[in-house]
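Visitor: I'd like a close look at just one part of this chain, and then how that part sits in the rest. Could you take me through it?

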Amino acid sequence: LVRVPKHTLLPIIVMFCVIGAYAINGSYFDVGLMLAMGIAGFALERAQIPVGPVVLGIILGGPLEERFIQAMTSSRGSLGVFVSRPIAAGLAIVAAIVWFLPVITALRVRRDEPQAGTRE
């Protein structure tokens with residue numbers, strides 16, 4: 001398959017994708033949606049936006065929202081439920097450090113740079 005030219009292989013792949021999208025529910029809407037997502041993926045690649053995180057967000061977004069709503073209703077709206085256990089709290093601290101590290105680094109670099117118009 002590696003040696004097969006792209007102009008031969010790509011139409012075959014698209015054909016199997018269309019057949020598979022239609023075969024699941026027998027709906028042309030599914031085929032159109034598959035083609036639209038393919039075009040969106042192509043546009044993201046051309047804009048040099050990584051497709052992996054977008055796909056993960058689409059796939060995991062629904063279940064993640066459901067679990068978030070379950071956690072919020074069981075804790076009566078308190079966000080403390082997400083850091084109530086030691087491992088969760090540790091992960092939250094690590095996530096906060098990773099999130100704020102670029103800001104802290106930029107502030108340090110800015111502070112260490114000599115001011116315009118001053119002599120050292």
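Guide: Let's start at Gln48, which is found in the loop between H2 and helix H3 (51-74). Keep in mind that this is a predicted model. Gln48 has a phi near 60 degrees, a positive value, and the residue is not a glycine. That's worth a second look because most residues other than glycine have a negative phi. As for its surroundings, Gln48 has a relative accessibility of 71%, so it counts as exposed, the cut-off for that being over 50%.

Further along the chain there's another case to put beside it. Arg76 sits in the loop between H3 and helix H4 (86-112). Arg76 isn't a glycine either, yet its phi is positive, at about 60 degrees. With a relative accessible area of 78%, Arg76 is exposed. So on either side of H3 there's a loop holding one of these residues: Gln48 in the loop from H2, and Arg76 in the loop on to H4.

Now go back from Gln48 into H2 and look at its partner. Helix H1 covers residues 6-25 and helix H2 covers residues 28-46; the two pack with their axes 8 Å apart, at an angle of about 140 degrees. That angle makes H1 oblique to H2, because roughly antiparallel would need over 145 degrees. The crossing of H1 past H2 is right-handed. On the H1 side, the contact uses Cys17, Val18, Ala21, Tyr22 and Asn25, while H2 brings in Tyr28, Asp30, Val31 and Met34. Sorted by type, the residues of this contact come out as 7 nonpolar, 1 polar and 1 charged.

Gly20 is also part of H1. At 29% relative accessibility, Gly20 counts as partly exposed. Between Gly20 and Ile39 there are 17 Å in space, C-alpha to C-alpha, for a separation of 19 residues in sequence.

Finally, zoom out. The protein chain has 4 helices and 0 strands, so the order from the N terminus reads α-α-α-α. Its radius of gyration is 24 Å, whereas a compact globule of 120 residues would come in near 14 Å. Along the principal axes, the C-alpha atoms fill a box of roughly 65 × 55 × 25 Å. Buried residues account for 6% of the 120 residues. Against that backdrop, exposed Gln48 and exposed Arg76 are good places to start browsing.

How values were computed
Residues numbered from 1 in each chain as written. Predicted model: local features only at pLDDT ≥ 70, side-chain atom pairs only at ≥ 80, totals over all residues. Heavy atoms only, no water. Axes fitted to C-alpha atoms, helices over the stretch in contact; angles between N-to-C directions. Parallel < 35°, antiparallel > 145°, perpendicular 65-115°, else oblique. Left-handed = near helix turned anticlockwise from the far one by under 90°. Contact = heavy atoms within 4.5 Å. Nonpolar A, V, L, I, M, F, W, Y, C, P; charged D, E, K, R; others polar. Rg over C-alpha atoms; globule rule 2.2 N^0.38 Å. Buried < 20%, exposed > 50% of the residue type's maximum accessible area, 1.4 Å probe, protein only.
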